[in-house]
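Me: I'm new to this one, so could you walk me through how a few of its labels were decided? I'd like the reasoning along with the words.

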Amino acid sequence: MLRELKTFIAVTRHGTFAAAGMHIGLTQSAVSAQIRQLEQVLGVPLFDRTGRQATLNAAGIRALPLAKEILETFNRMAVPVDANEYRGELKVGAITTAQTGLLPQALVRLRQAAPTVECKLVPGVSLELLSQVDAGGLDSAIIIRPPFDLPKELHVQVLRKEPFVLIVPQAVGGDDPLQLLEAHPHVRYDRASFGGRLVSRFLREQRLDVQVALELDEIEALVKMVECGLGVSLVPHAGLWLDRSPQVRVIPLGELTFHREIILLSRYSQRNLPVPQLFARCLLADVT
């Protein structure tokens, strides 16, 4: 029945059976079957089904906090008191820049401190990883802070703030970032990503109407496109591209500088358990 409870919580978060299925890896029909099974066991319907929406009824509203409490209690049962005695798996999500930046040394420290911990690294974009932490599929995740309020069950620890800069091909002259953005094609940080939304807000605030040459969500690829002369780009001043002396000019934004925050996201119910707490300390050892 734990599986059905997880599916029930996913439906309440995402609003429809189809959306919940996309986030937890089930078909819409499988989600419907699990919810029917849960309702049959409880003896009451949990949702008012209107079109595609699944809205909690009175019984569902009463059941939701209890379902979360049951799952959190179950998760705590598997965790020992001492991290050195831990024999299970720590599931950590991470965006690309964290996989090559913050994580390697942190995982070495974790291995040294708790050699019996088996760490599973789950790559992904921030929104996907946020959903997995929220649903209990990940113990924690390193993501970009989203531009919206997070569920109250989630805990945020800021790891670093990364300023955005303008990068331009070396052959392009000029140092005024706004003029360069207006005059040249823009290799754009994907507008659907959390970092890309920050770029969109900056362009909107500066009233810039840029000519988009390409849009993608990989910083190293953005830098490569600028190196090749495709256009200019607003990117975080972070990642592997800084280690290889890229063939671009880096232009600070000065007073217009905006940042993305890299955060460690976890559930409040998990963050004080021995192994997640140890992992957080291993990460923060590099944050000075």
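Reply: Sure, and keep in mind that this is a predicted model. Let's start with Cys228, which has a relative accessible area of 68%.

Me: What makes Cys228 exposed?

Reply: Exposed means over 50% relative accessible area. Cys228 has 68%, so the label "exposed" fits.

Me: And why is Cys282 called buried?

Reply: Its relative accessibility is 5%. Buried means under 20%, so Cys282 counts as buried.

Me: How do you know that Cys282 is too far from Cys119 for a bond?

Reply: The sulfur of Cys119 is the closest cysteine sulfur to that of Cys282, and it sits 10 Å away. A disulfide needs the two sulfurs within 2.5 Å, so this pair is too far apart. As for the whole structure, it holds zero disulfides.

Me: Let's move to Gln34. Where does it lie, and why is it called buried?

Reply: Gln34 lies in helix α3, which covers residues 28-42. Its relative accessible area is 8%, and the cut-off for buried is under 20%, so Gln34 is buried. Setting aside neighbours within four places in sequence, Gln34 is in contact with Arg3, Glu4, Thr7 and Leu26.

Me: What makes Met1 partly exposed?

Reply: Met1 has 44% relative accessibility. Partly exposed runs between the 20% and 50% limits, so Met1 gets that label. Its place is in the segment before α1 (2-14).

Me: Which residues form a nonpolar surface patch with Met1?

Reply: Val41, Leu42 and Val44 do. Together with Met1, they have about 330 Å² of accessible area.

Terms used
Residues numbered from 1 in each chain as written. Predicted model: local features only at pLDDT ≥ 70, side-chain atom pairs only at ≥ 80, totals over all residues. Heavy atoms only, no water. Patch = residues over 30% accessible without salt bridge, like charges linked within 9 Å, V, L, I, M, F, W, Y side chains within 5 Å. Areas by Shrake-Rupley, 256 points an atom, 1.4 Å probe, with all protein chains shown as cover. Salt bridge = Lys/Arg side-chain N within 4 Å of Asp/Glu carboxyl O. Helix = DSSP H or I, 4+ residues; strand = E, 2+ residues; numbered from the N terminus. Buried < 20%, exposed > 50% of the residue type's maximum accessible area, 1.4 Å probe, protein only. Contact = heavy atoms within 4.5 Å.
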